[in-house]
Amino acid sequence: VISLQDELLAEENRTIEKLVGSVQTTVQEELKSYATVVKKSCSASLAPAKIQAAMRKVSSEEDRSRNMIVYGLSEASEENTEEAVLEVLQHTDEKPRLVSCRRLGERRGEKGRPIMATFHTREMVRCVLAKSAKLRQVEGYSRVYLCPDRTFEQRLERKRLVGELCEKREKFPEKKFAIRRGGVSEVG
């Protein structure tokens, strides 16, 4: 009886050793294939073209952060856009230093084209935009609007949000709404 038990235990040990060996082989093969997948996906995500595209996007955002667009200023044939922008900015109680100013787009009829003003720092743009609501009370500047330089996609999203804001204001005239953090929310 004892010899039979010893044989059974020996057989079970051999079976367990085979299973352990099989599991170890499978684990090693899976680790190799996982490492291969990670290596391939990392090299694809770190491709030079993707890195360059990311760098261009960051650079573009940095450049745009120093720009402000001025809408609603009439256009004269022989004008100094920098003087026109500085005149507007004096009503915001800010005296930022401008790097450059230029009209955007082609001239079409009597409608004035927007002006892109570039500042030395993005903080200057933020300060001016924060005080831009003061222009509504200044005679002759009630239809002049200052806004940050946005990409085409950002302008489309802003247009959608403004439309949603107008709808909510019409639907609920007793409430106040504003565009905050990428959405329309109730304020006050």
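# Salt bridges, strand pairing and pockets

Trainee: Which residue does the side chain of E164 meet in a salt bridge?

Mentor: In this predicted model, the salt bridge made by E164 has a distance of 3.1 Å from N to O. E164 is partly exposed, with a relative accessible area of 26%, and shares helix α5 with its partner, from which it is separated by 4 residues, or about one turn of the helix. That partner is R160.

Trainee: Which residues are joined into one network by salt bridges that share partners?

Mentor: R160 also meets the side chain of E157 in a salt bridge, at 2.6 Å from N to O, and because these two are 3 residues apart in helix α5, about one helical turn separates them. R160 counts as partly exposed at 43% relative accessibility, and E157 is partly exposed too, with a relative accessible area of 33%. Taken with the salt bridge between E164 and R160, this gives one network, whose members are E157, R160 and E164.

Trainee: How many residues apart in sequence are the parts tied together by R103 and E79?

Mentor: R103 and E79 form a salt bridge whose closest N and O atoms are 2.7 Å apart. Since R103 belongs to strand β2 (residues 98-103), whereas E79 sits in the loop between β1 and α3 (81-90), the pair ties together parts whose separation in sequence is 24 residues.

Trainee: Which residue of that pair counts as buried?

Mentor: The cut-off for buried is a relative accessible area under 20%. E79 has a relative accessible area of 26%, so it is partly exposed. The other partner has a relative accessibility of 11% and therefore counts as buried, and that residue is R103.

Trainee: Which residue in β4 is the bridge partner of M68?

Mentor: Strand β1 (residues 67-71) is mostly covered, with 4 of its 5 residues buried. With strand β3 (residues 115-119), β1 runs antiparallel and is joined by 4 bridges, and there V70 stands opposite I115. With strand β4 (residues 145-148), β1 also pairs in the antiparallel sense, over 4 bridges, and the β4 residue bridged to M68 is P148.

Trainee: Which element gives the most to the lining of the largest pocket?

Mentor: The largest pocket has a volume of about 820 Å³ and is lined by 21 residues, of which S132, R136, Y145, L146 and R158 lie nearest its centre. The elements that give two or more residues to this lining are β4, α5 (152-171) and β5 (176-180). The element that gives the most, with 5 residues, is α5.

Trainee: How many of the residues lining the second largest pocket are charged?

Mentor: The second largest pocket has a volume of about 370 Å³, and its lining consists of 16 residues, of which S65, P148, D149, R150 and Q154 lie nearest its centre. Two or more lining residues come from each of α2 (48-65), α4 (122-130) and α5. In the largest pocket the lining divides into 14 nonpolar, 1 polar and 6 charged residues, whereas in the second largest pocket there are 4 nonpolar and 4 polar residues, and the number of charged ones is 8.

Conventions. Residues are numbered from 1 along each chain as its sequence is written. This is a predicted model: local features need pLDDT of at least 70, side-chain atom pairs count only at pLDDT 80 or more; totals for chains, interfaces and linings use all residues. Side-chain values use heavy atoms; hydrogens and water are left out. Buried means under 20% relative accessible area, exposed over 50%, partly exposed in between (1.4 Å probe, protein chains only). Two strands pair if DSSP finds at least two bridges between them. On a 1 Å grid over the protein atoms alone, a cavity is a set of points where a 1.4 Å probe fits but cannot get out, and a pocket is an open set with protein on both sides within 12 Å along at least five of seven lines; lining residues have an atom within 4 Å of a point. Grid points are joined across faces, edges and corners, and a volume is the space filled by probe spheres set on the points. Ala, Val, Leu, Ile, Met, Phe, Trp, Tyr, Cys and Pro count as nonpolar, Asp, Glu, Lys and Arg as charged, and the others, Gly among them, as polar. A salt bridge is a side-chain nitrogen of Lys or Arg within 4 Å of a carboxyl oxygen of Asp or Glu.
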